[in-house]
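Biologist: Could you take me slowly through one part of this model, the largest cavity and the core residues that go with it? I am a first-year student, so please explain each term as you use it.

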Amino acid sequence: MKTIKYILCVAVVSTLLLNCSKDETYDSSSKEDSLEFRGKSDPFSGRTWVQEDQMGRPAINTVLVSSGSKDLFNVTVPSEQGAAFQQMFQDNLMALSPAFNGPGDTNALGLDALTFSSVLATDVLTVSKVAPTTFFDGTNVLTGRTLADDVITVELILIFGGETGLTNPEFPGLSDDNVDANDKEFLSSFPYLATPW
């Protein structure tokens, strides 16, 4: 009996590993623009799951991707996003923020529009193994993210705050979302998110 369970276990694990490493392409004719989706085959249902949304950094897609390109951005693998979307990000950033309209304008991290849009166009959450996990803690920037991090205000400061955005924002009315905490306290143990209303 133990041998049969062992063989069954090995067969299931092998099937999962083989299917997880197999890339498949899925062309969704139901999509308005017939985008090609990359996905993984589900060994149990045979279906291919596809990514519909991408938000490594909240609000970046919402604000800096032009409306006609949002679906394409959502299904583009991060390693290809920079080349495909950096110029769009830079154009939209400069049109949106007066803090980046002058020659040599930078944000509080010292990044000009080209450099900042290059960082943002690859929509991944950067994590550091050697620094505190935070979106911004006053010193460390984009080294991870905790639930309590004020992500939107940090992004607004970097977009509208100008060179002195951390201490004296260039456009203070645009540099804070004025939401300083979650509406409910986070839990101290897994799953850490606040309990539902």
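**Around L120**

Modeller: L120 touches R57, I60, L64 and F89, leaving aside residues up to four places away in sequence, where contact means heavy atoms within 4.5 Å. This is a predicted model, in which local features need pLDDT of at least 70 and side-chain atom pairs count only at pLDDT 80 or more, while totals for chains, interfaces and linings use all residues. Residues are numbered from 1 along each chain as its sequence is written, and side-chain values use heavy atoms, with hydrogens and water left out.

L120 is also among the five residues, with L64, F89, L93 and F116, that touch the most other members of the 22-residue largest nonpolar core. Such a core is a set of buried Ala, Val, Leu, Ile, Met, Phe, Trp, Tyr and Cys residues joined through side-chain atoms within 4.5 Å, and buried means under 20% relative accessible area with a 1.4 Å probe, protein chains only.

L120 appears once more in the lining of the largest cavity, together with R57, I60, F116, F135, L142, E155, L158 and I159. A cavity is a set of points on a 1 Å grid over the protein atoms alone where a 1.4 Å probe fits but cannot get out, and lining residues have an atom within 4 Å of a point. The largest cavity has a volume of about 60 Å³, a volume being the space filled by probe spheres set on the points, which are joined across faces, edges and corners.

How values were computed
Buried < 20%, exposed > 50% of the residue type's maximum accessible area, 1.4 Å probe, protein only. 1 Å grid on protein atoms, 1.4 Å probe; cavity = no way out; pocket = protein on both sides within 12 Å on 5 of 7 lines; lining within 4 Å.
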